[in-house]
Each structure stands twice: as structure tokens, then as C-alpha cells.
Amino acid sequence: MKDEPRSHPFRDSVEDIAATKRIPDTPQTRAPAYRLAFADRDFMTRDELRPVRLQLELLKPQLIMDERGIESTIVMFGGARIPAPEHRDTARTKTLADLSHYYDEARRFARIMTERSLETYGREGVICTGGGPGVMEAGNRGADEAGGQSIGLNIVLPHEQAPNAYVTPDLSFNFHYFAIRKMHFLMRAKAVCVFPGGFGTLDEMFESLTLIQTGRMKPIPFLLFGRDWWERVVNWSLLAEAGVISPEDLSLFAMVETAEEAVSVIDGWVVPDK
């Protein structure tokens with residue numbers, strides 16, 4: 001039986017960080033140059049260290065999800081401002097209030113998919129959202145109601161934002177770099193569901209579709225909730241008619257209205273011929 005979990009015989013970094021707190025206080029030991037590089041916040045936040053920080057943001061969630069045994073996710077994008085139906089009276093506009101039923105659809109969809117995920121002991125099909133309010137909260141809430149885990153990929157924004165209360169605490173991540181956050185949304189995704197939303201939702205939707213369109217990502221079920229919304233926000237047929245996309249690009253996604261319809265599309269998914 002091992003006394004320590006380490007696989008190597010070397011003194012580890014945690015021990016050395018602790019040791020630096022017990023050294024004599026001298027001009028030399030107080031100097032910034034003397035700090036251990038990996039424990040020096042001023043050093044780690046220098047512009048020149050950006051490549052290292054990018055790597056760390058990619059690696060930390062990756063290691064944690066690997067340790068949790070998460071193999072695939074169901075990604076849910078959607079507006080942070082869409083209220084739960086019981087709070088529709090607090091919506092800033094009538095349109096947002098009317099969109100509140102998609103909160104319920106997101107919640108029910110996440111609950112159904114999490115019930116399936118539990119059949120694999122939470123390894124497959126784990127709900128993954130941006131960790132914020134609105135549709136994101138609905139996704140994490142549905143997973144929680146099903147008794148399963150869910151992921152929240154939060155990001156530091158100029159205004160105060162905290163993860164919603166339904167994200168599994170051990171799977172609640174925070175990012176500085178949008179690019180790395182987007183990678184984690186898609187690295188394990190076996191389906192993407194997009195609900196009505198604003199700039200952030202549109203950005204996530206079009207970047208994901210572009211990756212599939214250009215062959216940089218394998219095709220997966222890609223669902224847009226709310227035909228009326230999406231056909232009013234984006235003139236899909238005009239894009240094809242103008243030739244800026246190919247007509248077959250319109251088959252990269254399906255439009256659905258309900259949680260059950262979305263589940264049916266996922267269940268009937270057939271990988272397109274190359």
C-alpha cells in the first residue's frame with residue numbers, strides 16, 4: 001500500500017510552496033525575483049505568460065472532467081435574460097416574457113437527458129451550459145431535478161455574475177478566455193441545443209455551425225428551439241439563395257419546438273455521408 005498518491009519520488013510543488021513561508025525574512029527572500037515562478041501571481045499574469053494561461057484554462061477543466069469520468073455532453077446555449085415562467089412578469093420586454101416557455105422546454109429537455117445520463121452513471125450525455133441565468137439555469141435545473149450532475153462554464157464579465165444555483169459545484173468552472181471556454185463547450189459534445197438568445201447565443205451557434213460546415217468538427221445533432229424565432233432572426237433561405245452558403249448547409253441543423261421533439265431528433269440521428 002502506497003503512503004503517498006504520487007507516482008514519482010521527487011519533492012512536490014505543494015511542499016515547496018509551504019516551505020517558502022517558513023524561510024527567514026531578508027531583503028533577498030522578500031524580492032519578487034525569489035518567488036517560485038508558479039506561485040508568483042504577478043509573474044503569472046504578465047502579458048508574456050498568456051500562452052501559459054491559455055494552456056492552464058484548457059487543462060484544468062479537462063483534468064477535472066476526466067477525473068469525474070465524463071465522456072460526452074449535451075450542450076445547451078440560450079439567452080441569459082429569458083425568465084422562468086413564474087417570473088415572466090419581471091421580464092424587461094413582452095417578447096422576453098413570451099419566450100419564457102422555452103425556459104420550461106430547456107428544463108424538461110435537460111431532465112429527460114439527465115435521466116438517460118444516469119443510466120451510464122453520469123459518464124455520457126452530461127448537461128453542459130454557460131452556467132449563468134435564463135436558459136442556462138433551466139438546463140442545470142432540469143439536470144438537478146433528475147438527480148444528476150451538470151456542468152457550468154462561467155466566464156468573468158464586467159458586470160457581476162455568479163454561477164446559477166443548480167450547477168454541480170465540482171463542475172462549476174470559470175474562464176478568462178472566451179476561446180478556451182468555447183473549446184470546452186464542444187470538445188465532448190454529442191449534441192448541441194440552441195434556444196433563443198442574444199449576441200452570445202448567436203456567436204456560439206454560428207461558430208459551432210462553422211466548425212461543422214468546414215469539417216473542423218464532426219457532424220452531431222444540432223437543434224434550434226423555436227422555428228418562428230430563428231426564421232425571424234436569421235433569413236436562412238436568403239443565405240442559401242444568395243450562394244453565401246450551400247443549400248445543403250441548411251441540413252446541418254434541425255428546428256424543434258419541444259423537449260420531446262428534440263429527444264426524437266437525437267434518437268433518430270444518422271451520421272451524414274461524407
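Select arginine 108 and glutamate 105 to begin the tour of this predicted model. Their side chains form a salt bridge, with the closest N and O atoms 2.7 Å apart. Both residues belong to helix H6 (residues 101–118), where they stand three residues apart, about one turn of the helix. Arginine 108 is partly exposed, its relative accessible area being 25%. Glutamate 105, at 12%, counts as buried, because the limit for a buried residue is under 20% relative accessible area.

Next, remain on helix H6 and select arginine 116 together with aspartate 267. A salt bridge joins these two side chains, at 2.6 Å from N to O. This pair links distant parts of the chain: aspartate 267 lies in helix H12 (residues 259–267) and arginine 116 in helix H6, 151 residues apart. Both ends are partly exposed, with a relative accessible area of 47% for aspartate 267 and 34% for arginine 116.

While helix H12 is in view, select valine 265, which is also placed in that helix. Valine 265 is partly exposed, at 27% relative accessibility. Beyond residues up to four places away in sequence, valine 265 touches Leu223, Ala254 and Val256. For leucine 223, which is 42 residues away along the chain, the separation between C-alpha atoms is 8.3 Å.

The third stop is glutamate 207 with lysine 182. These residues form a salt bridge whose closest N and O atoms are 2.7 Å apart. Here too distant parts of the chain are linked, since glutamate 207 is in helix H9 and lysine 182 is in helix H8, 25 residues apart. Glutamate 207 is partly exposed at 35% relative accessibility, whereas lysine 182 is buried at 19%.

Now display the whole of helix H9, residues 199–213. At 1.5 Å a residue, its 15 residues should span 21 Å, and the end C-alpha atoms are indeed 21 Å apart. Which residues of H9 are buried? They are Thr201, Glu204, Met205, Ser208, Leu209 and Ile212. Looking down the axis of H9, one finds these buried residues within an arc of 120°, so they line one face of the helix. Against them pack strand E1 (73–77), helix H8 (178–187), strand E5 (189–194), strand E6 (222–225), helix H10 (227–233) and helix H11 (236–242). After H9 comes glycine 215, which has a positive phi, near 80°.

From Met205, proceed to the largest nonpolar core, which has 31 residues. The members that touch the most other members are Ile151, Val192, Val194, Met205, Phe222, Leu224 and Trp236. At least two residues of this core come from each of E1, strand E2 (126–129), strand E3 (150–155), strand E4 (172–175), H8, E5, H9 and E6. In soluble globular proteins, nonpolar side chains tend to be buried together.

Within this core, centre the view on valine 194. Setting aside neighbours within four places in sequence, valine 194 is in contact with Phe77, Thr201, Met205, Phe222, Leu223, Leu224, Phe225 and Trp230. A second, separate core of 28 residues can then be selected; among its members are Ile82, Tyr103, Ala143 and Ile266.

For the final stop, select Glu86, Arg107, Arg111, Arg141 and Glu145, which are linked in a network of salt bridges. How many salt bridges does the structure hold? There are 22 salt bridges in the structure.

How values were computed: Residues numbered from 1 in each chain as written. Predicted model: local features only at pLDDT ≥ 70, side-chain atom pairs only at ≥ 80, totals over all residues. Heavy atoms only, no water. Helix = DSSP H or I, 4+ residues; strand = E, 2+ residues; numbered from the N terminus. Expected span 1.5 Å × (residues − 1). Buried < 20%, exposed > 50% of the residue type's maximum accessible area, 1.4 Å probe, protein only. Arc of directions from axis to C-beta. Contact = heavy atoms within 4.5 Å. Salt bridge = Lys/Arg side-chain N within 4 Å of Asp/Glu carboxyl O. Core = buried A, V, L, I, M, F, W, Y, C linked by side-chain atoms within 4.5 Å.
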